[in-house]
Amino acid sequence: MIDSLAQQTLLDPAGLGDSELSTLLGTTFGRGIDGGDCYFQFSSQERWSLEDGIVKSASFNIERGVGIRVVRGEQTGFAYSDDIAMPAMLEAAKTARSIADAGQSGRIAVASRAPSRPVLYAPDNPLDSLDEQAKIDLLKEVDAVARGADPRVTQVMCSLAGVHEVVLILNARGELTTDVRPLVRLNVQVIVEQGGRRESGTSGGGGRSGYRYFLEADRAAGYAREAVRQALVNLEAREAPAGTMKVVLGPGWPGVLLHEAIGHGLEGDFNRKGTSAFSGRIGEQVAAKGITIVDDGTLEGRRGSLNVDDEGNPTQQTVLIEDGVLRGYMQDEMNARLMGVHSTGNGRRESYARLPMPRMTNTYMLGGDADPEEILASVDDGLYAVNFGGGQVDITSGKFVFSASEAYRVEKGKVTYPVKGATLIGNGPDVLTRVSMIGNDMKLDTGVGTCGKEGQGVPVGVGQPTLRIDGMTVGGTQAA
Amino acid sequence: MSTSPERAIPEPVSQEDGVQALSHSPDSLQARVQRTLEAAQARGASDVQAVVSHSVGLELGVRKGEIETLEHERDQSLSLIVYFGQSKGAASTTDFSDQALIDTVEAACRIARYTEPDPYAGMPDPAFKAAEWEDLDLDHPWGCSAVEASELARTIEAAGIATDARIENSEGASVSTRRAIAFLGDSQGFMGGYRSTRHSLSCALVARDDAGMQRDYAYTVARHAEDFTAAEQIGHEAAERTVRRLGGRKLSTRSCPVLFAPEMARTLIGSFTRAISGPAQYRESSFLLSAVGEAVFPEWMQIEERPLTPRALGSAPFDGEGVRTRNRPLIAGGVLQSYTLDSYAARRLGLETTGNAGGARNVTVAPGDKDFAALLGEMGTGFLVTELIGQGVNQVTGDYSRGAAGFWVENGELQYPVEEITIAGNLKDMFQRMVAVGTDVDRRGNIHTGSILIESMTVAGD
């Protein structure tokens, strides 16, 4: 059964039935072709922004199109059309398959793939989950909470964004898969001022749900208070230390460490090509014993979760590192085929106009048994970093960075004073061998991550427990 | 939504006759802008601005001598901003059907019914609009076929691999060509548009030694393919940049002079342009807040915005609101002359628009009198940065801390490659402590600068 919403949104307007899809498949694929797909997508998204206490602007965007990808061996031909209609699609198909010199095969039968498990998110359109006035009221409440939290708050900027996406994937084998994906996000940034010094704090969250998520559990107001708290901490921050020292990372979003240090290096494309610092290292000890890291696209409602990836394969929990040993890579279909393994449901793309590749979903480290207090108490001289901006990695050399936005000096087992944001740098294949304590407080982030690779952004999640790393380079200005 | 019989069927991009044909004519795009304006006004909008854009492109990648990807691109979009008095709404779509045009206009109008009046909202003063403009020489279709592109990419990659035996792997060479057309119109009678092209060649290689692998790349990008660096040269450059990184070491933590190679110096100037942008100023989130008239650089520093430079990558005859752009100083004698403002930011700050809706264009740092080698000599002993990773720049405070790779320099000579360190400081202080700008200007982007030498920064390592 084709999902009726996908059918109505993507196929019916162009009068596409089984017969037309069979013809499209036959024209696109056939003998000599190893894979590929026709990826139909409709997305509508909106963003409401508040500044100076008023919701002064908002935008609404609709995209609709089909991307046609033909894979033969290590080669990919690709074309797309903003016009979902037979003539445009057949033209794109012809262009995409110009990569292959094989003959066409007439028609390929279409067969719907049944969902393999209950859905991870409701197919409702998040843009309709609150009326316009309620969206505005939500932003105003965030503004009021932030301003009310402290008189030093001078600016509050917040935004509420939602995406409703419907995809229909018809692969070279004639298998048809659909998914309806909601995504919402609330962001707050505040500026505080004291004695001429100005600092900022940001917070936010979201997931694959409707806007009501923010009304529950005091989330929206919580983000506002959190942004103010961070900004006020930064008002007191002193110069950050420079040099190599013990670092304690807080739980949750600091898991961006795993995303950069380990995650990207374990994506199938880099490993198939042998350009990753982790290439050919399956079975080797790349992290301290006790460390287990997974990529899991099956967590209900999480920002990085998907029922199926963008090649129509169900997402799964993939063990990347088990008890410190490198176990597996994240794969899309092409790289899996070329490496003689199966897809792990990690084939993702930003839109129909871009090619899929192996990407992370929710990447996190399982909890250990140390009490977080005990971890801090064990550090004689070091840095405790609890919030981060983004990070980046050089896959080939393995060098990665992630930038702290809230950090503290730890002296004689005590958190002593806040320090300015600083970049932490390390080497992916060995940083986790220096983890000496793993907290029992595993936490996922609040749903704010967007991962960029080859210019394509996709929503992801990260998580980890409190960790002690014995020796990371901290990029402050204060030489020890 | 139903498909309209008028919906254009995309024509294949003609490659054979050497022309990058666009599939929407200027007349049809202008007509679409006009219909959008009329539809919004018919729904009561007091003012409206619409942009219709379209592009075609080809991107071909070769890896290890074989075609790896062949991507045909064809994009189109319609976006509009409507004003109902001081309330504003915006919407956009990639769907060019008549129904989508109406739906998009209605979405923008619906939003404007809910957004709150903003006393500063509105269109630019018509007096600032571009009335006529010269041809900036931005449209040079290449007409490179997929076959020609594959030969070119093979040439680049082969030249790179042949450069050094330590190049043991490749991420491939790629050829990209794109032609775009866009029209902007508004309810005050402005209508303007132009075609532009952008072509590039690039190559990324991997080298190995006992210590591990290193990757680096080289590229050339231009409006006209005749302005390219030679294909073989791109390959050689990628190989040389990759191989010279082998055997990188950390440095011990220290303070020392830092020389930013041109492509890295560009990021410092990028932080400067963000800091003087309208939103950074009116949101009070800039480390150069209210700094016009202040000496933010040493006295010798001159920085201009040159949007009217023919063929340059950042050039535009008018900005995103139809306001005429002009070449003008941003920094003169080290002193900040102006912010970069669109009409909204200008009203917020009680100033006039500077034609910067869409950002600053061709920000150009005046070179000094020393070439790269002379700058290395002037530094004597210090760190040459050739790569920066991570964000690590706080635009509110100017605090700066980024991952870096490059070379340790003594007596003006490169000693050994350096990696896995950070460099840190505060941008306000780093700007004041700039010692010189080189003559080795990199024009492959929207910021044109030579190498920049900074007197001292903190390096964190072992």
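Analyst: Let's begin with a rule: two strands pair if DSSP finds at least two bridges between them. Strands (E, at least two residues) and helices (H or I, at least four residues) are DSSP runs, numbered from the N terminus. This is a predicted model, in which local features need pLDDT of at least 70 and side-chain atom pairs count only at pLDDT 80 or more, while totals for chains, interfaces and linings use all residues. Residues are numbered from 1 along each chain as its sequence is written, and chains are lettered from A and ligands numbered from 1 in the order in which they are written.

User: What makes strand 15 and strand 16 of chain A a pair?

Analyst: The rule asks for at least two bridges, and ten bridges join strand 15 (residues 381–393) to strand 16 (residues 399–411), both of chain A. They therefore pair, and they run antiparallel. For an example, look at A:Gly382, which stands opposite A:Val410 in strand 16. The two strands form a hairpin with five residues between them. In the turn, A:Gly398 has a positive phi of about 85°.

User: Which other strand of chain A is joined to strand 15, and in what sense?

Analyst: Strand 8 (residues 241–249) of chain A is joined to strand 15 of chain A by four bridges, and these two run parallel. Here A:Val248 has A:Tyr384 as its bridge partner in strand 15.

User: How do you know that strand 15 of chain A is mostly covered?

Analyst: A residue is buried if 20 or more other C-beta atoms lie within 10 Å of its own, exposed if 12 or fewer, and partly exposed in between, with C-beta atoms placed from the backbone. In strand 15 of chain A, ten of the 13 residues are buried, so "mostly covered" fits. In chain A as a whole, buried residues make up 63% of the 480 residues.

User: Why is B:Leu60 called buried?

Analyst: B:Leu60 has 26 other C-beta atoms within 10 Å. The cut-off is 20 or more, so B:Leu60 counts as buried. This residue is in strand 1 (residues 47–63) of chain B. Two residues are in contact if their C-beta atoms, placed from the backbone, lie within 7 Å. Leaving aside neighbours within four places in sequence, B:Leu60 is in contact with residues including B:Ile67, B:Leu70, B:Ala146 and B:Val175.

User: And what makes B:Ala158 partly exposed?

Analyst: B:Ala158, in helix 3 (residues 146–163) of chain B, has 18 other C-beta atoms within 10 Å. That count falls between the two cut-offs, so B:Ala158 is partly exposed. B:Ala158 and B:Gly65 are 93 residues apart in sequence and 7.4 Å apart in space, C-alpha to C-alpha.

User: Why does the radius of gyration of chain A agree with a compact globule?

Analyst: The radius is taken over C-alpha atoms, and the globule rule is 2.2 Å times the number of residues to the power 0.38. With 480 residues that gives a value near 23 Å, and chain A has 24 Å, so the two agree. The C-alpha atoms fill a box of roughly 75 × 55 × 35 Å, taken along the principal axes. Chain A has eleven helices and 24 strands.

User: What describes the packing of helix 4 and helix 6 of chain A?

Analyst: Axes are lines fitted to C-alpha atoms, for helices over the stretch in contact, and angles run from 0 to 180 degrees between N-to-C directions. The axes of helix 4 (residues 132–149) and helix 6 (residues 219–235) of chain A come within 8 Å and cross at roughly 35°. Among the residues that meet are A:Leu138 and A:Val142 in helix 4, and A:Tyr223 and A:Val228 in helix 6. By class, the contact has eleven nonpolar, no polar and two charged residues. Nonpolar covers Ala, Val, Leu, Ile, Met, Phe, Trp, Tyr, Cys and Pro; charged covers Asp, Glu, Lys and Arg; the others, Gly among them, are polar.

User: How do you know that chain A and chain B touch?

Analyst: By the contact rule, 71 residues of chain A are in contact with 68 residues of chain B. The largest share of chain A's side, twelve residues, comes from strand 2 (residues 54–72) of chain A. That side has 27 nonpolar, 31 polar and 13 charged residues. Strand 2 of chain A also pairs with strand 3 (residues 87–93) of chain B, in the parallel sense over four bridges. There, the bridge partner of A:Phe60 is B:Ala91.
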